[in-house]
Structures are given as C-alpha cells and as structure tokens.
Amino acid sequence: MIHTLRRLASGLLVLAFVSAVTGADTVGELLPSTPGQVRVVALGDSVTSGSNCDCAAFPQLYGDLLHNRSAVPVTVDNQGVAGLDSTGLLQQLSQRDVERSTKAANVVLLTIGANDFGDHHDDVTSGQCSGDCVSDEYEQLTANLGRILSRIHALRGDRPTTILMTGYWNVFKDGAVAEQQYTPSGRIASDQLTVRTNNAIAAAASADDATYVDIYTPFEDSADITALLASDGDHPNAAGHALIARLLLAATPNPLPTSPRQGG
C-alpha cells in the first residue's frame, strides 16, 4: 500500500511538472507529435465530417492509408462540422479542443469554402446569379483562407507541418440530383462558382506552404460522378470518400518533413 501511494504521488508530481511546462491544466492535454508518430487533424465542413454517408469519412481512411504506407502510428482527429463556413472555422480554431488538436498535429487536412455561398444557393442554381451576386462572399472567403492558414501556423509554431487543402467537385449538388433539381444554366453557374472557389483555395495554398489537392478533376472526369455521391447529391458516398483519401495520400510527402518550415 505504501509503495502504491508513493507511485501515485510520483505520477502526480510528473503530471504537475508536465502541466507547468506545457501550460496544460487538464489531464487530456495533447502534446506535440514525437518522431515516428503522425497526428492528423481534419478541419472543415460536412464533407470532412462525413455527413449523409453511413461510412468512414475520408480523414480516417486517409489515416489508415498513411499508416499502411509509413508503418508508423497514425492518429486522426476529425473536427469537421456540418454547415461550417470559413468564418466559422476561424472561430473554431480559437476553441480549446481544436487548438489542442491543431497544435499536436503534424498533418492538417483542410476542406472549407462551399458553405460561404449557401445564402445564394437558389440564385446560382436557377441560373439567375452572375458572379457579382457572390462577390462579397468570395472576397471574404479569400481573406479568411489566409487567416485560417496563419492561425494554423501560429498554433503549430515552428514545428514541421504538412497542410493539405482540398477543393470541391461542386459547391452545391451534382450528378443525377443536380440534373433533376437545377436548370441547365444553373448547373453551369454552379460549376463556374466551384471553379472560382477552387482557384481561391489553390491560390491560398500557393501563397503559403500548403498543398492544394484537386478533387474537382477526378470527380468530374469519372465515368459517373453520381456513383461517387450520396443520395442527396451533395456529399460523397463511401466510394467518394475513398477517392478523396487516396488523392490526399498521393499529395502527402513521403517521408513527411522533419525540419521546421521556412518563411512566413
């Protein structure tokens, strides 16, 4: 009994020391990833969270693929939230649990932007909206993407971080559902907005040290995009999530960087 109490006391002293050094005040505080370990945090909207798909979402599939390729432990924290837009993600990055997960992650998956245009869904998909009707939202998204990346770097400090930013196959519905619900001009307008959104995401990645991962081309060039989508036409199904995971793995450096990032 005395030995047990001594071990418990020693453990509490160690915990107190770690808490003092790291600023942690909870037992569950995450520490930065160590050599030979990969921690992935997935940030984004309903695509990330796996909405409307009774399947494993792409972040977990990606983690499994990365583990199989690297033969090192990989943990995945999926922080995706259905309906999240870029402003919401900025706010989320100030929430304590997301801060901790991002600080500890040496791989960050980022999928955000489609919901920034949700208020103009009907205008766009009916073909009544030109680019001017979403100009304010587009400017806000462009600014927010830069702020999101800056926030991630601030949380990570100088630790090496691989940031993979996906685009979208469509910011709204696609495939058979879109053909049924949208006018021909609306489908064209939705596609044009998607390309514009992807360009903003790619530009943000290029201006940073992030990597843009093209989702649009593999989905749209598939034999049947409907086969990659859930029944709502708005989210990936199991095949779609598996495709995104493979695209992310292909864009991941092998091996992952081990030196501090350079530049801003």
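Me: How does Cys-133 count at 26% relative accessibility: buried or partly exposed?
Reply: Buried means under 20% relative accessible area, exposed means over 50%, and partly exposed is in between (1.4 Å probe, protein chains only). With its 26%, Cys-133 counts as partly exposed.

Me: Good start! In this predicted model, at what pLDDT do side-chain atom pairs count?
Reply: Residues are numbered from 1 along each chain as its sequence is written, and side-chain values use heavy atoms, with hydrogens and water left out. The model is predicted: totals for chains, interfaces and linings use all residues, local features need pLDDT of at least 70, and side-chain atom pairs count only at pLDDT 80 or more.

Me: Which cysteine is joined to Cys-133 by a disulfide?
Reply: A disulfide is a pair of cysteine sulfur atoms within 2.5 Å. Here the S to S distance is 1.5 Å, and the partner of Cys-133 is Cys-129.

Me: Is the disulfide of Cys-129 and Cys-133 left-handed or right-handed?
Reply: Let's look at the torsion about the S-S bond, which is about -75° for Cys-129 and Cys-133. That value is negative, so this disulfide is left-handed.

Me: What about Cys-53 and Cys-55: is their disulfide left-handed or right-handed?
Reply: The sulfur atoms of Cys-53 and Cys-55 are 1.9 Å apart. Cys-53 is buried at 14%, while Cys-55 is partly exposed at 27%. The torsion about their S-S bond is about 120°, so the disulfide is right-handed.

Me: What is the pairing when the bonded cysteines are numbered in sequence order?
Reply: The structure holds two disulfides. Numbering the bonded cysteines of the protein chain in sequence order gives the pairing 1-2, 3-4.

Me: Which peptide bond is cis, with omega near 5°?
Reply: Most peptide bonds are trans, and most residues other than glycine have a negative phi. The cis bond leads into a proline in the segment after α11 (238-250); helices (H or I, at least four residues) and strands (E, at least two) are DSSP runs, numbered from the N terminus. The bond is the one from Asn-254 to Pro-255.

Me: Where is Asn-52, whose phi is near 60°?
Reply: Its phi is a positive value in a residue other than glycine. At 53% relative accessibility, Asn-52 counts as exposed. Asn-52 is found in the loop between α2 (46-49) and α3 (58-70).

Me: And where does Ala-71 lie?
Reply: Ala-71 also has a positive phi, near 60°. At 64% relative accessibility, Ala-71 counts as exposed. Ala-71 lies in the loop between α3 and β2 (74-78).

Me: Which element supplies the largest share of the largest nonpolar core?
Reply: A nonpolar core is a set of buried Ala, Val, Leu, Ile, Met, Phe, Trp, Tyr and Cys residues joined through side-chain atoms within 4.5 Å. The largest one has 61 residues, and among those touching the most other members are Leu-43 and Phe-219. Elements supplying at least two residues each include β1 (38-44), α7 (135-156) and α11. The largest share, seven residues, comes from α7.

Me: How far apart are the end C-alpha atoms of α11?
Reply: The expected span of a helix is 1.5 Å times one less than its number of residues. For the 13 residues of α11 this gives 18 Å, which agrees with the distance between its end C-alpha atoms, 19 Å.
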